[in-house]
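Open the viewer and keep the selection box at hand. The stops below tell you what to select next and what you will find there.

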Amino acid sequence: MKRLSAALAVAAVALAAGCGSGGGDGGGDAASGEPVKLRFLSLAWQKESIEANKQIVADWNTANPKIQVEYVQGSWDNVNDQLVTSFEAGDPPDVIHDDSPALSSFASRGFLLDLTGKIPAELNGDIPQAAWDTVTFSDGKSGQGVYGVPFLQESQVLIANKKLLDGAGVRVPTPDSPWTWDEFADAAGKLTKKGAYGVAWPMKSPVNKVLNLALNFGGTFFDTQGGKTTVKVGPQEREVLQRIHDQLYTDRSADPSALGMGTADPLPGFFAGKYAIVPAGVYLRQQVAEQAPSGFEWVTLPPLKGQTSQQGAVSQTLSVAADSKHPDEALKFIAYFLNGPNQAKLAKGDWLLPTSTTAAKDPALTTKENGWDVATASAKDLVVAPFLKVNGFDEWKSKVATPAMQEYFADKISLDELAKRLVEDGNKVLERYSR
Amino acid sequence: MTRALKYLALLGYLVFLAFPLLWLLSTALKTPQEMAALDPTWIPRRPTLANFADAFAEQDLVGAGLRSLVVAVATALITVALALPAAYALARFRGVAGKIAIGWVLVSQVFPVVLIIIPLFMVLRRMELVNTLAGLTVVHVTFVMPFALWMLRGYVRAVPRELEEAAAVDGAGRLRALAAVVAPLLAPGVVATLLFSFISSWNEFMFALVILKDPGVETLPLTLVRFVGPEGVARLGPLAAASLLATVPSLVFFATIQRRLRSGLMAGAVKG
């Protein structure tokens, strides 16, 4: 899909150069007295999340007869293809749900409204700066802008089989006293028995997972100096890579056959007791809660600690299209949609973490049930993912890092060889983007 | 013995063809717990219709299905109505223009969709066809047409010219010969082309995604993808239930007209 998006983007640029502006479609300008109509493209897909989205929109429409919002459901799988065409054709939705990695290129091409100075103080103050950093990008000229309001984030936690943990007599970590990576390795070892592994690392898409966790040891993988970004793989970046590799081939506490799996694929093995721990994004708790056999006890364990518990994060975002005819109304709607109580509903529906500090205190997000207390507490360690601001990251990830990391985790190449490829092949890719 | 082997091979092929559909049915009837079982089961232990209920409650499957049906039927009929005379002309009148035309049709197939989708969108917008089923039908017809033309041209060429000449000798004019002699022989080709056009349109996703913007005009493929989340994680139960229902119209359409798909009509039509 990324490749298709890129092809669409190229086609779009070529076309824009050739035939000038598309203009509006001429419909829907609100004459005095007529309600303003906003189109809101939402990517909610979980049952509870769709319900929450629809409810908030319905509440807004009832309270604001002069600004009516139409809820349009999109899909994560192809939203960026859909957006490229509608931006280019001058007919985008007014309010756009997406994620921060996608905003960078849209922003630099002038498709999104810069929200700097336009966000109501209450909303601005409710969301921490670390989250705003995930939506601050170059405007494609020389300045920086804020191109969305961040509202949902994901941290990496551990989902564990309670009975197996108790049986092995390992300490159950808490947000105040999380496992270090050493304790984790030790616990995984104790949990490994005949036919059962301590942990399953699903590494079909290893790059974001490794890069986000690498911050535990201060590993950033990218270094920007004098406006030029290069890849770096030093001791800090190697820590997490080495530790996962050790679990697979030295301790043998991780199942190598899980490496090719996607995030949710280890769950059948997890439920059957084949894996005691599955590292995953907090949202996977929804699938665990829904699919676990009756009587199966599971717990959410807090993020691991290296030198720190910091993890890289991106955000789900709401943005306003630059071509929207009603940007002020769109922003008013966003401010309502993402207020504390509403963010709590959205986070609960998607099993993710709200950026709103008010929402994070909501009892529904601090209950022990389904590990919400542990998940919500993990938000404090989220910082902007260093790769988010790297031009060419997507290509580095798909052409260089993904295959190289897969080979490393399959024990086909050494850590030195992996580092060499990430840096040398990677810098060639990044070089092209810095010209 | 050979007969038994043939049947065995046929049975294997049938199983191969039916497997995805049966697995879809099995998944659609399973609970989330059973779907996550380490040892998958063919027959659900506790069959449930909850996935169907969820799929219907969350998405306008009936409305989207009806709209898909309108677009697919219209696409199939218009495509055949336009392609049939064109294919006849291309097969029978072999001049330089015909060769250029057929070459051009082939060349038009090599452009990737992503190259043309934005200009196409702009053309449609100028014609006020964006966000309409008529617009989508026009696009589907355009994109199914080249292959339909090639298909039908092959069928027309397979009808011996001598049959038309024989009809002419018996006093039939060109139109009469076409209607009474050629048309019945082309029926299998027409049916195959109808099926091809219908299924291409029924399954088409990318154009629908770009052209249709309001929930009130969306076709079925757009609603199915709603059950898929980021990183390929999907709500398999409702997705399987909705997908299963989405295959039904194609099956019914196929079952209704497949009897016409027979060959051998022309066996022995021309001697020597």
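The tour goes through chain A first, then the contact between the chains, then chain B. Bear in mind that this is a predicted model.

**Stop 1: the two domains of chain A**

Colour residues 2-153 and 314-357 of chain A as domain 1. Give a second colour to domain 2, made of 156-312 and 388-434. The C-alpha centres of domain 1 and domain 2 of chain A are 31 Å apart. Ten residues of domain 1 and seven residues of domain 2 make the contact. On the domain 1 side of chain A, five of the touching residues are nonpolar, three are polar and two are charged.

**Stop 2: the six-stranded sheet**

Stay in chain A and show the strands as cartoon. Six strands form an open sheet in the order S2-S1-S3-S14-S6-S15 (chain A), and the pairing is mixed. Which strands stand at the edges? They are S2 (67-73) and S15 (353-354) of chain A; each has a single partner strand, so one side of each has no neighbour in the sheet.

Now add helix H2 (residues 47-63) of chain A, which packs on the sheet. H2 of chain A touches strand S1 (36-42) and S2 of chain A. The direction of this helix makes about 165° with that of S2(A).

**Stop 3: strand S14 and its partners**

Select residues 315-320 of chain A, strand S14. Is this strand mostly covered or mostly exposed? Mostly covered: six of its six residues are buried. Show the side chains to see the two faces. Ser315(A), Thr317(A) and Ser319(A) lie on one side of S14(A), and Gln316(A), Leu318(A) and Val320(A) on the other. In a regular strand, side chains alternate between the two faces of the sheet.

Next, select strand S3 (residues 95-99) of chain A, which is antiparallel to S14(A) and pairs with it over five bridges. Asp99(A) has Gln316(A) as its bridge partner in S14(A).

Then select S6 of chain A. Four bridges join S6(A) to S14(A), again in the antiparallel sense. Here Leu152(A) is the bridge partner of Gln316(A). Put Gln316(A) in sticks: it is the bridge partner of Asp99(A) and of Leu152(A).

Leu152(A) also leads on to the sheet edge. Strand S6 (residues 149-153) of chain A runs antiparallel to S15(A), and two bridges join them. In S15(A), Leu152(A) has Pro354(A) as its bridge partner.

**Stop 4: strand S7**

Move to residues 156-161 of chain A, strand S7, where six of six residues are buried. Gln156(A), Leu158(A) and Ala160(A) point one way from S7(A). Val157(A), Ile159(A) and Asn161(A) point the other way.

Which strands pair with S7(A)? One is strand S11 (residues 275-281) of chain A, antiparallel and joined by five bridges. Zoom in on Val157(A), whose bridge partner in S11(A) is Ala280(A). Another is strand S12 (residues 298-301) of chain A, antiparallel over four bridges. There, Leu158(A) stands opposite Leu301(A).

**Stop 5: where the chains touch**

Show both chains. In the contact, 28 residues of chain B meet 34 residues of chain A. Select helix H2 (32-35), helix H3 (50-58), helix H6 (113-126) and helix H10 (206-211) of chain B; each supplies at least two residues of the side that touches chain A. H6(B) gives the largest share, eight residues. By class, this side of chain B has 20 nonpolar, three polar and five charged residues.

**Stop 6: chain B as a whole**

Hide chain A. Chain B has twelve helices and zero strands. Its C-alpha atoms fill a box of roughly 70 × 65 × 30 Å along the principal axes. Of its 272 residues, 32% count as buried.

Select residues 65-257 of chain B. An unreviewed UniProt entry annotates this span as "domain: ABC transmembrane type-1". The span is 79% helix and 0% strand, and its end C-alpha atoms lie 20 Å apart.

**Stop 7: Ser68(B)**

Finish at Ser68(B), in helix H4 (residues 61-92) of chain B. Why does Ser68(B) count as buried? Because 25 other C-beta atoms lie within 10 Å, and 20 are enough for that label. Beyond its neighbours within four places in sequence, Ser68(B) is in contact with Trp202(B), Thr219(B) and Leu220(B). For a last distance, pick Ala50(B): 18 residues from Ser68(B) in sequence, and 24 Å away from C-alpha to C-alpha.

Definitions and conventions: Residues numbered from 1 in each chain as written. Chains lettered and ligands numbered in written order. Predicted model: local features only at pLDDT ≥ 70, side-chain atom pairs only at ≥ 80, totals over all residues. Pairing = 2+ DSSP bridges. Contact = placed C-beta atoms within 7 Å. Axes fitted to C-alpha atoms, helices over the stretch in contact; angles between N-to-C directions. Buried ≥ 20, exposed ≤ 12 C-beta atoms within 10 Å, placed from the backbone. Domains from an automatic or database assignment. Nonpolar A, V, L, I, M, F, W, Y, C, P; charged D, E, K, R; others polar. UniProt positions renumbered as here; feature names shortened; annotations may be inferred.
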